[in-house]
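Please open the model in a viewer and keep the sequence panel at hand. The tour proceeds by selections, each followed by a description of what is found there.

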Amino acid sequence: YEGKNFDFPMEFNKCNLEVFLGARDFQIPNHYTTEYLERNDIKARVQVLEDMYHVFDFEQFIRIIKMSNFFQI
């Protein structure tokens, strides 16, 4: 959120960031996220899942974890 100040330092690009977006998410359009990443020069692997909405079920969550680098070092 632009304009919101926090009392702790923010450090970007200190991790292997992955962002999973739902192509059918009409509550928060994907371009809000991608523009934020670009505007703040945040490096991330962005993947759009064609069948995902804003809210998704546990099976989709498991699929995302398996697709991610979460368990890889």
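The stops below begin with the whole chain and then turn to individual residues.

**The whole chain**

Display the entire chain as a cartoon, bearing in mind that this is a predicted model. Two helices and two strands make up the secondary structure, and their order along the sequence is β-α-β-α. The chain has 73 residues, of which 19% count as buried. Switch to a surface representation: about 6300 Å² is exposed, and carbon and sulfur atoms supply 56% of this area. Among contacts with a separation of 6 or more, 68% join residues 24 or more positions apart.

**Strand 1 and strand 2**

How many salt bridges does a search of the whole structure find? There are three, and each is visited in this tour. Select R45 and E18, which form a salt bridge with their closest N and O atoms 2.5 Å apart. Because R45 belongs to strand 2 (residues 45-49) and E18 to strand 1 (residues 18-22), the pair ties together parts that are 27 residues apart in sequence. R45 is partly exposed, at 32% relative accessibility, whereas E18 is buried, with a relative accessible area of 19%.

**The loop before strand 2**

Move next to D41, in the loop between helix 1 (30-39) and strand 2. Select K43 as well: the side chains of D41 and K43 meet in a salt bridge, at 3.8 Å from N to O. Are these partners buried or exposed? D41 counts as exposed at 52% relative accessibility, and K43 is exposed too, with a relative accessible area of 55%. The backbone of D41 also merits inspection, since most residues other than glycine have a negative phi. Phi of D41 is near 50 degrees, a positive value in a residue other than glycine.

**The loop after strand 2**

Now select D51 and R63, which form a salt bridge with the closest N and O atoms 3.2 Å apart. D51 is in the loop between strand 2 and helix 2 (58-67), while R63 is in helix 2; the pair thus links distant parts of the chain, 12 residues apart. Both residues are partly exposed: D51 has a relative accessible area of 36%, and R63 one of 32%.

**A nonpolar surface patch**

Select F56, F58 and F61 and show their surface. These residues form a nonpolar patch with about 310 Å² of accessible area together. F58 lies in helix 2 and is exposed, with a relative accessible area of 56%.

**A buried aspartate**

For the last stop, centre the view on D25, in the loop between strand 1 and helix 1. D25 is buried yet has no salt bridge. The nearest side chain of opposite charge is that of R24, 11 Å away.

Which backbone nitrogens does the side chain of D25 approach? A polar atom of the D25 side chain lies 3.0 Å from the backbone nitrogen of Q27, and the side chain also reaches the backbone nitrogen of I28, at 3.1 Å. Finally, add M52, Y53 and H54 to the selection: leaving aside neighbours within four places in sequence, these are the residues in contact with D25.

Technical notes
Residues are numbered from 1 along each chain as its sequence is written. This is a predicted model: local features need pLDDT of at least 70, side-chain atom pairs count only at pLDDT 80 or more; totals for chains, interfaces and linings use all residues. Side-chain values use heavy atoms; hydrogens and water are left out. A salt bridge is a side-chain nitrogen of Lys or Arg within 4 Å of a carboxyl oxygen of Asp or Glu. Helices (H or I, at least four residues) and strands (E, at least two) are DSSP runs, numbered from the N terminus. Buried means under 20% relative accessible area, exposed over 50%, partly exposed in between (1.4 Å probe, protein chains only). Contact means heavy atoms within 4.5 Å. Accessible areas come from the Shrake-Rupley method with a 1.4 Å probe; for residues, only the protein chains shown count as cover. Patches are made of residues with over 30% relative accessible area and no salt bridge: like charges are joined within 9 Å, nonpolar side chains (Val, Leu, Ile, Met, Phe, Trp, Tyr) within 5 Å. Lys and Arg count as positive and Asp and Glu as negative; His and the chain ends are not counted. A polar contact is a pair of N or O atoms within 3.5 Å; within protein, one must be able to donate a hydrogen and the other to accept it, and residues adjacent in sequence count only if both atoms are side-chain atoms.
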